[in-house]
Amino acid sequence: MTKVVFYEKQPGVESARAKARLVAAGHEVETRDLMTQAWSAPLLRPYFGEKPVRDWFDAASPRVLSGEVDPDRVNPQAALTMMILDPALIRHPLVKAGHDCRSGLDESAFAPMTAA
């Protein structure tokens, strides 16, 4: 059984389904609050892997919806800085098993995880 740390913004139906999928895959899930976590660039960056910067952002974030933040015009370092200052910008959930880090609710976030 692999221990998975699951960072969510707030409990909800989608998060509950995602956690259930992880448990069904044999993982032990520890839930944490993404909004209160003390993030830094080195801690946050691994969750996004090779995804384009625009996919790091939560499209439903008020600052993205209002146009204040345009994910298509942000470089990686600026994106990390913005997200550290305002975690509501982070696409969630963030899922970690050992050194294996993933973001979002797409299938790649729930492919087999290892505690590498």
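**Note on a predicted model**

1. A38 is found in the loop that runs between β2 (28-33) and α2. A38 is exposed, because its relative accessible area is 62% and the cut-off for exposed is over 50%. Compare its position with that of A78: the two are 40 residues apart in sequence, and their C-alpha atoms are 17 Å apart in space. Keep in mind that this is a predicted model.

2. Now the overall layout. The protein has 4 helices and 4 strands. From the N terminus on, the order is β-α-β-α-α-α-β-β. The radius of gyration is 14 Å, close to the 13 Å that the globule rule gives for 116 residues, so the protein is as compact as a globular protein of that length. Its C-alpha trace spans about 40 × 30 × 25 Å along the principal axes.

3. How much of the protein is buried? Of its 116 residues, 41% count as buried. The accessible surface comes to about 6400 Å². Carbon and sulfur atoms hold 56% of that surface.

4. Contacts across the chain deserve a look. Take the contacts between residues at least 6 apart in sequence: 62% of them join residues at least 24 apart. On charge, the protein has 14 positive and 15 negative charges. The mean positions of the two sets are 2 Å apart.

5. Helix α4 covers residues 76-85. Which of its residues are buried? They are A79, L80, M82 and M83. These residues cover an arc of only 165 degrees around the axis, which puts them on the same side of α4. What covers them includes α2 (41-44).

6. The loop between α2 and α3 (62-65) holds S61. Is S61 buried or exposed? S61 counts as buried, because its relative accessibility is 2% and the cut-off for buried is under 20%. Which residues does S61 touch, leaving aside its neighbours within four places in sequence? S61 is in contact with A88 and L89.

7. G49 also lies in the loop between α2 and α3. G49 counts as partly exposed, at 32% relative accessibility. That value falls between the cut-offs of 20% and 50%, so neither of the other two labels applies. How far from G49 is D100 in space? Their C-alpha atoms are separated by 9.8 Å, and the two residues are 51 residues apart along the chain.

8. Next, the stretch between α4 and β3. P93 is found in the loop there. The peptide bond from H92 to P93 is cis. Its omega is near -5 degrees.

9. Strand β3 takes in residues 94-97, and V95 lies in it. V95 counts as buried, because its relative accessibility is 0%. Where does V95 stand relative to V23? The two are 72 residues apart in sequence and 13 Å apart in space, C-alpha to C-alpha.

10. To recap the single residues: A38 is exposed. G49 is partly exposed. S61 is buried, and V95 is buried. For a first look at the model, start with the buried side of α4, where A79, L80, M82 and M83 sit. Then turn to the cis bond from H92 to P93.

Conventions:
Residues are numbered from 1 along each chain as its sequence is written. This is a predicted model: local features need pLDDT of at least 70, side-chain atom pairs count only at pLDDT 80 or more; totals for chains, interfaces and linings use all residues. Side-chain values use heavy atoms; hydrogens and water are left out. Helices (H or I, at least four residues) and strands (E, at least two) are DSSP runs, numbered from the N terminus. The radius of gyration is taken over C-alpha atoms; the globule rule is 2.2 Å times the number of residues to the power 0.38. Buried means under 20% relative accessible area, exposed over 50%, partly exposed in between (1.4 Å probe, protein chains only). Contact means heavy atoms within 4.5 Å. Accessible areas come from the Shrake-Rupley method with a 1.4 Å probe; for residues, only the protein chains shown count as cover. Lys and Arg count as positive and Asp and Glu as negative; His and the chain ends are not counted. The place of a charge is taken as NZ of Lys, CZ of Arg, CG of Asp or CD of Glu. The arc is that of the directions from the helix axis to the C-beta atoms.
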